Amino acid sequence: MVIIRFARGGRKNRPFYNIVVTDSRNRRDGRFIESLGFYDPLETKGETLRLNQDRLAYWQGTGAQLSAAVAIRVKEAAKQVAA
C-alpha cells in the first residue's frame, strides 16, 4: 500500500518533517517515491507547512492513504487556503 506520511529530519530537539509518498513497508526515514513538501513545527516567523496540492491530489487519486498526522496537517492547510 502506498502511504503519504512524515519523514523526520532536523536534529535533536529541532524536528523538521518532509511529507513523502512511500510504500507503507519502508522505514519512516527510508526510501520514498516522491517528496510533496515539508512541515516545520517550531517555525514561528515563516512558513510552517508547504504542500504541493496538485501532486497530493494525484496520489490520493491513485489510492494513496494519508497517515493520521499528515491528514491533520492537510486539513489545516485547506482551512488556511479557504480563509
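Which residues is Leu36 in contact with, leaving aside its neighbours within four places in sequence? Keep that question in mind while you look around this predicted model, and the tour will come back to Leu36 once the strands and helices have been found.

**The whole chain**

Begin with the whole protein in a cartoon view, where you should be able to find 2 helices and 5 strands, and if you trace the chain along the sequence, these elements follow the pattern β-β-β-β-α-β-α. The C-alpha trace spans about 35 × 35 × 20 Å along its principal axes. For 83 residues, a compact globule would have a radius of gyration near 12 Å, and the value of 13 Å for this protein agrees with that. If you colour the residues by accessibility, 31% of the 83 residues count as buried.

**The sheet**

Now select the 5 strands, which form an open sheet in the order 4-3-2-1-5, with mixed pairing. Strand 4 and strand 5 (65-66) stand at the edges, and because each has a single partner strand, one side of each is left without a neighbour in the sheet.

Next, select strand 1 (residues 2-11) together with strand 2, which pair in the antiparallel sense over 10 bridges. To follow this pairing by eye, show Val2, which stands opposite Asp23 in strand 2, and then Arg8, whose bridge partner in strand 2 is Tyr17.

Follow the chain from strand 1 into strand 2, and select Asn13, which lies in the loop between these strands. The hairpin has 2 residues between its strands, and the phi of Asn13 is near 60°, a positive value in a residue other than glycine. Is Asn13 buried or exposed? Its relative accessibility is 68%, and since the cut-off for exposed is over 50%, Asn13 counts as exposed.

On the other side of strand 2, select strand 3 (residues 34-39), which runs antiparallel to strand 2 and is joined to it by 5 bridges. One place to look is Ile19, whose bridge partner in strand 3 is Gly37.

**A residue within strand 2**

Select Thr22, which lies in strand 2 (residues 14-23). With a relative accessibility of 2%, against a cut-off for buried of under 20%, Thr22 counts as buried. A polar atom of the Thr22 side chain lies 2.9 Å from the backbone oxygen of Arg31. Leaving aside neighbours within four places in sequence, Thr22 is in contact with Met1, Val2, Ile3, Arg5, Arg31, Phe32 and Ile33.

**The helices**

Turn to helix 1, which packs on the sheet and touches strand 1, strand 2, strand 3, strand 4 and strand 5, with its direction making about 125° with that of strand 3. At the N-terminal end of helix 1, show Asn52, which caps the helix with a side-chain oxygen that lies 3.3 Å from the backbone nitrogen of Asp54. Just after helix 1, select Gly63, which takes a positive phi of about 105°.

Helix 2 also packs on the sheet, touching strand 1, strand 2, strand 3, strand 4 and strand 5, and its direction makes about 90° with that of strand 1. Select Ala68, which is found in helix 2 (residues 68-82) and, at 63% relative accessibility, counts as exposed. Then add Arg5 to the selection: Ala68 and Arg5 are 63 residues apart in sequence, yet 8.4 Å apart in space, C-alpha to C-alpha.

**The core, and back to Leu36**

In soluble globular proteins, nonpolar side chains tend to be buried together. In this model the largest nonpolar core has 14 residues, and those with the most contacts inside it are Ile4, Ile19, Leu36, Leu51, Leu56, Trp59 and Val70. Two or more residues of this core are given by each of strand 1, strand 2, strand 3, strand 4 (49-51), helix 1 (53-61) and helix 2, and the largest share, 3 residues, comes from helix 2.

To finish, select Leu36 and display what surrounds it, which answers the opening question. Apart from its neighbours within four places in sequence, Leu36 is in contact with Ile4, Ile19, Val21, Arg50, Leu51, Asn52, Arg55, Leu56 and Trp59. Across the protein as a whole, residues 24 or more positions apart account for 33% of the contacts with a separation of 6 or more.

How values were computed:
Residues are numbered from 1 along each chain as its sequence is written. This is a predicted model: local features need pLDDT of at least 70, side-chain atom pairs count only at pLDDT 80 or more; totals for chains, interfaces and linings use all residues. Side-chain values use heavy atoms; hydrogens and water are left out. Helices (H or I, at least four residues) and strands (E, at least two) are DSSP runs, numbered from the N terminus. Buried means under 20% relative accessible area, exposed over 50%, partly exposed in between (1.4 Å probe, protein chains only). A polar contact is a pair of N or O atoms within 3.5 Å; within protein, one must be able to donate a hydrogen and the other to accept it, and residues adjacent in sequence count only if both atoms are side-chain atoms. Contact means heavy atoms within 4.5 Å. Two strands pair if DSSP finds at least two bridges between them. A nonpolar core is a set of buried Ala, Val, Leu, Ile, Met, Phe, Trp, Tyr and Cys residues joined through side-chain atoms within 4.5 Å. Axes are lines fitted to C-alpha atoms, for helices over the stretch in contact, and angles run from 0 to 180 degrees between N-to-C directions. The radius of gyration is taken over C-alpha atoms; the globule rule is 2.2 Å times the number of residues to the power 0.38.
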